[in-house]
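Let's take a walk through this fold together. Have a look at the model first, and then we'll go through how its pieces fit.

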Amino acid sequence: RVGNVLHNPRYAGAYAYGRRSQGTHALEGRLSRTVSRPREGWHTLILDAHPGYISWAEYEENLERMRQNARATPESRRCPPREGPALLQGLVLCGLCGARMTVRYQGSKESPTPYYVCKGAGNTQAWPNCQSLAGVEIDRAIGALLLEAMTPVALEVALAVQHELEARSEEADALRFKQVERARYEAELARIRFWQVDPNHRLVADALEADWNEKLRELERVREDYERRREADRLLLDEATRERIRKLASDFPRLWRDMNTPHRERKRMVRLLIEDVTLAGGAEIVAHVRFSGGATRSLTLPRPRSAWEMRQLAQEVVGEIDRLLDRHTDAEVAELLNERGVVSGTGKPFDARRVQVIRRAYGLAPRNERLRTQGLLTLQEVALRLGLHQETVKRHRREGRLHLRSCRVDDSNRFMYEDPDATRTETRLRNVPCSEEMQYA
């Protein structure tokens with residue numbers, strides 16, 4: 001009911017007839033449904049026919065706003081600003097297929113992350129999404145571009161261009177006024193010719209009368225065009241308006257950076273300056289910005305890292321872990337990294353379990369394989385070669401009576417030993433732990 005009222009010209013005090021066509025015969029002989037006609041096809045439109053609730057200008061402004069907010073129409077590119085931090089909501093076009101991109105949010109309600117998504121033909125043909133781009137860096141770049149556009153230098157240039165347009169509009173107004181005078185002069189000549197004809201010459205009189213009516217219609221058309229253009233030229237800026245525009249250079253950045261400014265108000269400010277933004281993803285994100293005045297800017301942004309890329313460990317840290325594993329166990333490597341202030345990809349300190357996960361994820365050789373390549377043997381192999389029981393070998397190692405180099409395999413007190421057959425007798429003087437003998441410098 002509200003939509004019908006807002007679309008009805010009577011709400012603005014106008015009388016209209018023929019807004020819809022009914023009773024059109026279809027091929028089957030049945031009547032088709034009612035179709036709304038464009039305003040040019042209306043039979044009658046009389047403005048100010050009766051007092052209205054709003055003016056005709058407000059009525060047309062409401063129609064334009066409803067047309068922009070209509071999301072079901074194919075020509076609609078915008079939608080009303082809503083809640084949420086997505087700055088370009090309703091203004092983004094897909095640079096791959098040309099369709100309008102929608103907004104999706106991920107994360108918690110306190111800090112949602114916007115994503116600009118183009119479904120492409122997925123709505124009708126079950127295809128995958130055309131592209132999906134994280135919007136945090138894009139919004140930050142657009143905000144910086146708007147602050148750059150609202151600098152004092154840019155506003156002075158805009159005022160200079162406006163001043164040039166004022167000068168040219170005065171020249172154009174003089175030319176249009178000459179057209180009106182010429183049409184009035186021709187209509188006056190046609191009137192004089194009609195009144196001077198002999199009434200007995202009816203055919204000549206009818207032709208002159210038709211010519212006079214044609215000149216009058218031409219005069220009315222030229223006059224209406226002149227008044228319409230002149231009304232548009234009245235929107236030129238005076239000195240007070242120029243001063244208010246200059247103040248925007250300081251007011252706009254302050255209002256934009258204010259944390260108390262709602263997201264909806266920021267989106268409304270963006271709609272005053274930007275017509276639309278076309279995004280194309282790839283190795284980099286290319287954003288083509290079209291301002292309301294017709295100017296364009298192109299921005300090239302690095303593609304945001306995905307969740308797994310942000311959690312990925314730096315290659316320098318992986319290489320350092322690989323070097324430390326030659327001399328230390330997982331827990332010892334974690335302790336050394338924490339002492340140096342190194343954190344994981346999620347920003348957390350290291351522990352033995354985290355080092356083990358990193359070692360498996362990056363394909364690093366485990367501790368026992370590294371010791372095996374150094375020629376060390378397991379407890380069972382050393383006990384067999386020495387002819388002792390395994391518990392005896394472990395007791396001799398604890399008491400310092402086993403003159404073989406031993407290295408800890410893991411954090412559960414498992415050791416590997418050097419080969420007794422390959423070690424000379426004079427070098428087997430004392431038991432030296434691997435972590436002390438090969439201490440990392």
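Two strands count as paired if DSSP finds at least two bridges between them, and helices (H or I, at least four residues) and strands (E, at least two) are DSSP runs, numbered from the N terminus. With that in hand, look at strand 7, where Tyr 115 is the bridge partner of Arg 104. Strand 6 (residues 102-106) and strand 7 run antiparallel, joined by 5 bridges. Their hairpin has 6 residues between the strands, and Gly 107 takes a positive phi near 100° there.

A quick word on the source: this is a predicted model, where local features need pLDDT of at least 70, side-chain atom pairs count only at pLDDT 80 or more, and totals for chains, interfaces and linings use all residues. Residues are numbered from 1 along each chain as its sequence is written, and side-chain values use heavy atoms, leaving out hydrogens and water.

Now for the sheet. It is open, with 4 strands in the order 5-9-10-11 and mixed pairing. Strand 5 and strand 11 sit at the edges with a single partner strand each, so one side of each has no neighbour in the sheet. On average, neighbouring strands are turned by 25° against each other, direction ignored; axes here are lines fitted to C-alpha atoms, for helices over the stretch in contact, and angles run from 0 to 180 degrees between N-to-C directions. Strand 10 and strand 11 pair in the antiparallel sense over 7 bridges, and Arg 290 has Thr 296 in strand 11 as its bridge partner.

What packs on this sheet? Helix 4 does, touching strand 9, strand 10 and strand 11, and its direction makes about 140° with that of strand 11. Contact here means heavy atoms within 4.5 Å. Helix 8 lies across strand 9 and strand 10, at about 95° to strand 9.

That brings us to the nonpolar core, a set of buried Ala, Val, Leu, Ile, Met, Phe, Trp, Tyr and Cys residues joined through side-chain atoms within 4.5 Å; buried means under 20% relative accessible area, exposed over 50%, partly exposed in between (1.4 Å probe, protein chains only). The largest such core has 31 residues, and Tyr 116, Ile 138, Ile 142 and Leu 279 have the most contacts inside it. Helix 4 gives the most to this core, with 6 residues. Leaving aside residues up to four places away in sequence, Ile 142 touches Leu 87, Leu 88, Ile 274, Val 289 and Leu 299. A second, separate core of 13 residues includes Leu 313, Ala 334, Leu 337 and Ile 358.
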